[in-house]
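Here is an informal walk through one protein model, from its cysteines to its cores and pockets. Keep the 3D view open while you read.

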Amino acid sequence: LHKLPQGATVLDFAFHVHTDLGCKCVGARINSKNVPIRHTLKNGDQVEILTSSNQKPKQDWLNFVITSKAKAKIRQTLKETEKKDVETGKSILFRRFKNWKIDIDESKLSRFIKKKGFKAESAFYQDIALENLDILQIRDSYLEFENENTESAENRSAGSFIQETPFHVTEGKEDVLII
């Protein structure tokens, strides 16, 4: 027997039993009938949790679970998944750029990511890991961005260049330096 609050769902029950069970839950069999994870439990239900090794917690699960334990575990798992995706995306990008013999400057890359419209670098790397961004298009865009920055830096430095006049030292009895 498990006590859950009124309105608890199959997913709440799965997380109540064990975190791994909740994370892999795809549905349940209640009183010998298959039901989805959103199904609200009633008093006296006999619940058998159905799992899949491919299942992972999703953001929308937070909308229908009601227990704080289930919400906390879902958030924790989502954050861990996000961190893994960021690391994977970053390693994919750096490995591919290394294979293409493209040097990555961290400051240029962060400006490039901001120019692409990402508020955080983690979102950019996560999109790479989830294959929402094409790595070939990123390469082409980065090279264009790098060329634009190089040209504008050369133009800026040439435009603001002031030629210095050489120093003239007069020899005499006085110890004076004339510039």
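How many disulfides does the structure hold? Zero. Bear in mind that this is a predicted model. Two cysteines are still worth a look. C23 is buried, at a relative accessible area of 10%, and C25 is buried too, at 0%. Both count as buried because the cut-off is under 20% relative accessible area.

**Around C25 and the cores**

What does C25 touch, once its neighbours within four places in sequence are set aside? The list runs V10, L11, A14, I37, I49, L50, T51, Q55 and W61. C25 also turns up in the largest nonpolar core, a set of 20 residues. There it is one of the residues with the most contacts inside the core, along with V10, L11, F15, I49, W61 and I74. Three elements, α1 (10–17), β1 (25–30) and α3, each put in at least two residues. The top contributor is α1, with five. A second core sits separate from this one: it has 15 residues, including F112, I113, Y142 and F145.

**Along α3**

Helix α3 covers residues 68–99, and R75 is found in it. Is R75 buried or exposed? Neither, quite: with 44% relative accessibility, R75 is partly exposed, since that label covers what lies between under 20% and over 50%. R75 also has a link back to W61: the two are 14 residues apart in sequence, and their C-alpha atoms are 9.7 Å apart in space.

**Two pockets**

Now for the open spaces, with the basics side by side.

| Pocket | Volume | Lining residues | Closest to the centre |
|---|---|---|---|
| Largest pocket | about 520 Å³ | 16 residues | H2, L4, K42, N43 and G44 |
| Second largest pocket | about 440 Å³ | 17 residues | K56, P57, T77, E80 and T81 |

What kinds of residues line them? In the largest pocket, the lining breaks down into seven nonpolar, six polar and three charged residues. The lining of the second largest pocket has four nonpolar, six polar and seven charged residues.

Which elements give two or more residues to the lining of the second largest pocket? They are α2 (19–23) and α3. Of the elements, α3 gives the most, with seven residues. So α3 shows up twice in this tour, because it supplies at least two residues of the largest nonpolar core and also lines the second largest pocket, with helices here being DSSP runs.

Note on methods:
Residues are numbered from 1 along each chain as its sequence is written. This is a predicted model: local features need pLDDT of at least 70, side-chain atom pairs count only at pLDDT 80 or more; totals for chains, interfaces and linings use all residues. Side-chain values use heavy atoms; hydrogens and water are left out. A disulfide is a pair of cysteine sulfur atoms within 2.5 Å. Buried means under 20% relative accessible area, exposed over 50%, partly exposed in between (1.4 Å probe, protein chains only). Helices (H or I, at least four residues) and strands (E, at least two) are DSSP runs, numbered from the N terminus. On a 1 Å grid over the protein atoms alone, a cavity is a set of points where a 1.4 Å probe fits but cannot get out, and a pocket is an open set with protein on both sides within 12 Å along at least five of seven lines; lining residues have an atom within 4 Å of a point. Grid points are joined across faces, edges and corners, and a volume is the space filled by probe spheres set on the points. Ala, Val, Leu, Ile, Met, Phe, Trp, Tyr, Cys and Pro count as nonpolar, Asp, Glu, Lys and Arg as charged, and the others, Gly among them, as polar. A nonpolar core is a set of buried Ala, Val, Leu, Ile, Met, Phe, Trp, Tyr and Cys residues joined through side-chain atoms within 4.5 Å. Contact means heavy atoms within 4.5 Å.
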